[in-house]
Amino acid sequence: MSDLLQLYQEIILRHNKNPRNYGRPGSFPHCASGHNPLCGDQVTVYWSVDGSCLSDIHFESQGCAISRASASIMTELLAGKTTEEASALYEEFSAALKNQGEEPSLGEGFGELVALSEVRKYPSRIKCATLAWQALLEGDF
Ligand code: ZN
């Protein structure tokens, strides 16, 4: 395994073990759930909107390490972003995962999410990596 792949795997395992912003907050104006029947993943995302920006993003999940790590990284990455910025990040992330050709080019601004770019080699797991994002972005604002 290359050093990079090992680093990516460590990031995923770390978020799976110690997910950020995990748990249902005391109050939350918005929440949405997603289910991935292929893998058995369930995720619920809770968030607030401060002005036009997402804030206080939390989640709970059951399922695989990929779905949990993706949700954990998402809660940090999207805090302070507008819904338009969040949608643009998701579109780019999703396109990189579906790119079976060239190396994906998740650039700056994606932080630890690059660790999930390897999921593109396992098309059946793409839904795991995008579940929390879809729940939030298709949620009720
Ligand atoms: Zn999964």
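Cys-64 counts as buried, with a relative accessibility of 13%, where buried means under 20% relative accessible area, exposed over 50% and partly exposed in between, using a 1.4 Å probe and protein chains only. The model is predicted, so local features need pLDDT of at least 70 and side-chain atom pairs count only at pLDDT 80 or more, while totals for chains, interfaces and linings use all residues. Residues are numbered from 1 along each chain as its sequence is written, and side-chain values use heavy atoms, with hydrogens and water left out.

Cys-64 (SG) is one of the protein donors of the zinc ion, together with Cys-39 (SG), Asp-41 (OD), Asp-41 (OD) and Cys-128 (SG), which lie 2.1 to 2.7 Å from the ion. Donors here are N, O and S atoms within 2.8 Å of the metal (3.2 Å for Na, K and Ca), and sites may look incomplete, since water is not among the atoms. Cys-39 sits in the loop between β1 (30-36) and β2 (41-50), and Cys-64, 25 residues apart from Cys-39, in the loop between β3 (53-62) and α2 (65-77), a pair that links distant parts of the chain; helices (H or I, at least four residues) and strands (E, at least two) are DSSP runs numbered from the N terminus. Cys-39, at 33% relative accessibility, counts as partly exposed.

Elsewhere, Thr-82 is placed in the loop between α2 and α3 and counts as buried at 15% relative accessibility. Apart from neighbours within four places in sequence, Thr-82 is in contact (heavy atoms within 4.5 Å) with Ser-52 and Cys-53.
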